[in-house]
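Here's a quick briefing to read alongside the model. Have the structure open and follow along by topic.

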Amino acid sequence: MTKNAYKNIRDAYHNKDWTKIQTLSQIDAIHHPKEPNLEILNIILTALGKKVTRSSALGKKVTTLYSKTTLSDLDVGRTLGHGIFGIVLLVRHKSTREVMALKVMSKKTIKKHKLEDQIRKEIAIHSSLEHPNIITYYTTFEDEDKIFILLEYAPLGDLYKLLGQKIKLDEGTLSKYIIQVVEALQYLHKRNVVHRDIKPENVLLFLDGTVKLTDFGFAIEIKPGEKITKQVGTLDYLSPEIVEGRSYDHTTDIWSLGVMIYELATGKAPFEDIISRQKTYRNISQVNYTLPTHLSLELQDLIEKILVKEPTKRLSLEGILAHKWIIG
Ligand SMILES: Nc1ncnc2c1ncn2[C@@H]1O[C@H](COP(=O)(O)OP(=O)(O)O)[C@@H](O)[C@H]1O
Ligand SMILES: [Mg+2]
């Protein structure tokens, strides 16, 4: 995008001439590294997609509206993110103009890594969820060699990117994000769903400060009281019970949440050893980490009460919401 074209879009925005702002590449322009402007992005998205965020009460209706969508109904824009097995693209529905995210996974890769069951679970679980802090699922479709999952779009991307941009998260803002993740987890755990991949990459941010959990690729539904044994998740966030091959339940998500809180507050994961995976495993198993003194005493106390090796002694989600770092 040239400087001139960018200026034209900016002028159109100032003159509220929405007819000049119609394509996805123009939305991409807002991500122009030299002149990013979130305010403009918000207004353009509002004009194009009508809504940037929506209340959960609308979830069902929207899901029905888009349940027959296929690739030919969408304009495809830039890449929003990469996962281990696929990519996520910015798309726009041709007729409603709603901006959305499309998760794309290659069938060949799925087959090669024997992920069929996992993808089936991801779709079954995500499509059954409806919560203001969980990314809305619209539909799934496929072509000859790919599987697509159509999702609500989060304009500010994931919290890991925020860390990468060295945007300093003050503890007040962080606690507002954490409350929302805890509420999403309460909703999941009440439904006996364990997410198993809580980390900053899977928490997405909206312009009004709402955060929503996504990526149910490792999620599993268990029976009440049931324990699971399969070792699943992302290394730095794995709980001691998973690392040690013991059976575990939903409390593993609370451990990962504790790791994520530490990382978002300090910029570094607590147990990470960049050279040796084995050392990271050992650090997790021995709960070997240090708390930087620049963290408030309340936050240090919260992290210490979450990163407890014995799952039953770990602070509960209700306990987190009642902790003095959260309630102030
Ligand atoms: N709905 C969305 N809106 C904006 N960005 C998204 C959305 N979904 C995913 N992303 C981006 O794509 C990345 C990978 O998506 P994710 O669903 O976590 O895939 P994977 O299962 O491969 O990790 C995320 O970390 C995020 O940066
Ligand atoms: Mg992910």
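A word on classes before we start: Ala, Val, Leu, Ile, Met, Phe, Trp, Tyr, Cys and Pro count as nonpolar, Asp, Glu, Lys and Arg as charged, and the others, Gly among them, as polar. By that split, the shell around ligand 1 has 10 nonpolar, 7 polar and 5 charged residues. Keep in mind that this is a predicted model.

**The chain overall**

- You're looking at 14 helices and 9 strands.
- Out of 328 residues in the chain, 35% count as buried.
- Take the contacts with a separation of 6 or more: 63% of them are between residues 24 or more positions apart.

**Around ligand 1**

- The ligand 1 shell is made up of 22 residues, and the closest are Gly81, Gly83, Val88, Ala101 and Asp215.
- Four strands, β1 (74–82), β2 (86–93), β3 (99–106) and β5 (146–152), each put at least two residues into that shell.
- Domain 2 (61–152) and domain 3 (159–327) both contribute residues to the shell, so it sits between them.
- Asp215, one of the closest residues to the ligand, is found in the loop between β8 and β9 (220–221).
- Asp215 has 23 other C-beta atoms within 10 Å, and the cut-off for buried is 20 or more, so it counts as buried.
- The backbone is worth a look here too: Asp215 has a positive phi of about 65 degrees, although it isn't a glycine.

**The largest nonpolar core**

- This core has 64 residues, and the ones with the most contacts inside it are Met100, Ala101, Leu151, Val181, Leu257, Ile261 and Ile306.
- Helix α10 (residues 251–266) gives the largest share, 9 residues.
- Where does the core lie relative to domain 2 and domain 3? Both domains give residues to it, so it lies between them.
- For a feel of the packing, click on Leu257: beyond its neighbours within four places in sequence, Leu257 is in contact with Val181, Leu185, Ile198 and Ile306.
- Ala101 turns up twice, among the core residues with the most contacts and among those closest to ligand 1.

**Helix α8**

- Helix α8 covers residues 171–190, and at 1.5 Å a residue its 20 residues should span 28 Å; the end C-alpha atoms are 28 Å apart, so the two agree.
- Its buried residues are Ser175, Tyr177, Ile178, Val181, Val182, Ala184, Leu185 and Leu188.
- An α-helix has 3.6 residues a turn, so residues three or four places apart point the same way.
- Those buried α8 residues pack against β6 (193–194), β7 (203–205), β8 (211–213), α10, α13 (317–321) and α14 (324–327).
- Thr173 is also in α8, but with 13 C-beta neighbours inside 10 Å it counts as partly exposed.
- Thr173 and Gly209 are 36 residues apart in sequence, with their C-alpha atoms 8.6 Å apart in space.
- After α8 comes Asn192, with a positive phi near 60 degrees.

**Two loop arginines**

- Arg97 is in the loop between β2 and β3, and its phi is positive at about 70 degrees although it's not a glycine.
- Arg97 has 13 C-beta neighbours inside 10 Å, so it counts as partly exposed.
- Arg246 is in the loop between α9 (240–243) and α10.
- Buried or exposed, which is Arg246? It has 12 C-beta neighbours inside 10 Å, so it counts as exposed.
- Arg246 and Lys227 are 19 residues apart in sequence and 9.5 Å apart in space, C-alpha to C-alpha.

Note on methods. Residues numbered from 1 in each chain as written. Chains lettered and ligands numbered in written order. Predicted model: local features only at pLDDT ≥ 70, side-chain atom pairs only at ≥ 80, totals over all residues. Core = buried A, V, L, I, M, F, W, Y, C linked by C-beta atoms within 7 Å. Domains from an automatic or database assignment. Contact = placed C-beta atoms within 7 Å. Near = placed C-beta within 6 Å. Expected span 1.5 Å × (residues − 1).
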